[in-house]
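Trainee: Could we take a close look at one part, the surroundings of the ligand? I would like to see how the pieces fit together.

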Amino acid sequence: MNAKSIIRRKRDGAKLDEAEIRFLVEGAVSGAVSEYQLTSWMMSVFFRGMDPRETAALTVAMLESGDRLDFSSGGTPPADKHSTGGVGDKISFLVAPLVASVGVPVPMVSGRSLGHTGGTLDKLESIPGLRTGFEPEEIRALVDRVGFCFAGQSKRIAPADAILYALRDAASIVESIPLITASILSKKAAAGVRSLALDVKVGEGAFMSGPEPARALARSLIATAEQLGIRACAHLTEMDRVLGRTAGNAIEITESGRCLRNEAVPDDLRELTLSLGASMCVLSGRVADRSEGQSLLRRAWEDGHGYEWFLRMVEAQGGDPRALERPGLLPVASRHLEVAAPRAGVFRGVRARPAGEWITEAGGGRLRTDDRIDPRVGIEVLAEPGSRVDRGETVLLLHLGDKPAPQDTCPRASGWIQVEDSGASLGVLPPREMERIDSA
Ligand code: URA
């Protein structure tokens with residue numbers, strides 16, 4: 001067996017067997033298969049696809065590239081939530097501490113920026129001192145102590161995903177159902193979760209632009225999860241517009257702190273947090289139905305438990321919890337640019353895809369695997385979605401880092417602002433959640 005012939009077979013549309021897939025995954029981790037060969041193979045998968053058997057084999061090989069945590073010693077089995085990638089998506093920072101605070105353990109293994117979308121780990125690492133690289137034993141200890149943690153793939157937790165994920169990002173090989181399925185589930189299974197609420201993003205700013213491909217991704221994730229002993233459900237949610245009021249790294253941590261303290265929580269963040277959190281509570285057996293789950297989480301939120309648990313996690317992971325309250329302790333932009341509404345009318349939001357692409361180019365994401373993230377870069381939506389804006393009114397603030405902003409940045413950003421005719425209804429925005437696909 002050799003990498004060249006396996007790549008050629010996939011390039012020409014063949015189905016790979018388990019041994020071939022394992023050969024490449026093991027070779028990725030040992031270094032026996034080069035990065036250019038892995039990239040070429042994944043590009044072939046991107047165009048040729050994989051059937052459910054190949055997808056499951058890839059997921060298992062990636063899972064078995066490292067350890068698998070075992071939480072089976074009693075108590076509520078661990079649950080998790082994962083998004084397929086969005087812009088301004090900070091739901092993990094809200095839902096994980098809230099769900100943990102009601103007694104469901106959440107060992108959350110997440111990713112970094114991918115394509116034009118932000119990464120949970122990059123955002124968290126803007127908190128001074130906070131670490132996300134842990135040995136499996138440390139993850140277990142954090143979950144026992146705090147109820148949840150945020151960790152990344154590592155040499156022992158889904159190491160194959162760490163390698164393939166970074167290559168897919170740099171080589172634009174993200175929007176592939178089998179590759180997304182294996183990437184998400186290998187790290188979730190490695191963390192030992194027994195149930196999983198999936199936030200499958202749909203729209204211009206998502207990797208799946210329409211409902212049909214999003215449903216296909218959801219079905220692939222649910223079916224593969226079941227083969228790994230994980231109960232899963234999928235929420236299809238709109239990702240045309242930036243989620244919440246910020247996108248970037250440090251700025252999303254600031255917004256998450258505000259939300260957990262119950263200070264002006266945007267409707268969409270509240271809606272998705274409660275909905276995904278309720279699914280985690282139901283799937284883990286903590287509550288009997290979604291409405292009980294929502295009430296439990298709403299109460300925990302109002303009582304400040306989500307915020308308290310988040311601060312505990314920051315401290316336990318080596319970060320400075322004061323950063324959540326003193327904005328000067330988080331990295332802040334060196335310059336700002338104000339962006340005006342292109343016309344008068346009802347403000348709907350900011351288009352997620354071009355905004356995410358700008359954040360990446362400006363240093364908030366990676367263009368190469370070895371790029372360093374600039375945590376200061378981001379955007380801040382100043383106008384309330386659903387409110388009336390005037391032509392020329394500042395509705396968006398761009399937060400800049402070290403990279404110079406091209407001359408046309410503001411006119412370009414003005415094109416991301418969605419304004420509808422003044423006749424459109426004020427204050428009424430459709431819910432983000434479009435449909436739910438439950439575990440079979
Ligand atoms: N999240 C992941 O962990 N992997 C993907 O491929 C996409 C989203």
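Mentor: Happily, let us go through the ligand and its surroundings step by step. This is a predicted model, in which local features need pLDDT of at least 70, side-chain atom pairs count only at pLDDT 80 or more, and totals for chains, interfaces and linings use all residues. Residues are numbered from 1 along each chain as its sequence is written, and side-chain values use heavy atoms, with hydrogens and water left out.

Around the ligand you will find His82, Ser83, Thr84, Leu114, Tyr165, Arg168, Ile180, Ser183, Ile184 and Lys187 (a residue is near a molecule if one of its heavy atoms lies within 4 Å of it). This shell divides into 4 nonpolar, 4 polar and 2 charged residues; here Ala, Val, Leu, Ile, Met, Phe, Trp, Tyr, Cys and Pro count as nonpolar, Asp, Glu, Lys and Arg as charged, and the others, Gly among them, as polar.

Now look at the polar contacts, pairs of N or O atoms within 3.5 Å. The side chain of Lys187 has an N or O atom 2.5 Å from an oxygen atom of the ligand. For Arg168, a polar side-chain atom lies 2.8 Å from a ligand oxygen, and for His82 the distance from a side-chain N or O atom to a ligand oxygen is 3.1 Å. Of the 240 Å² of accessible area that the ligand has on its own, the protein covers 96% (Shrake-Rupley method, 1.4 Å probe).

Which elements give two or more residues to the shell? They are strand 1 (79-83), helix 8 (159-170) and helix 9 (177-190), where helices (H or I, at least four residues) and strands (E, at least two) are DSSP runs, numbered from the N terminus. Helix 9 gives the largest share, 4 residues.

Notes: Polar contact = N/O pair within 3.5 Å; in protein donor to acceptor, adjacent residues only side chain to side chain.
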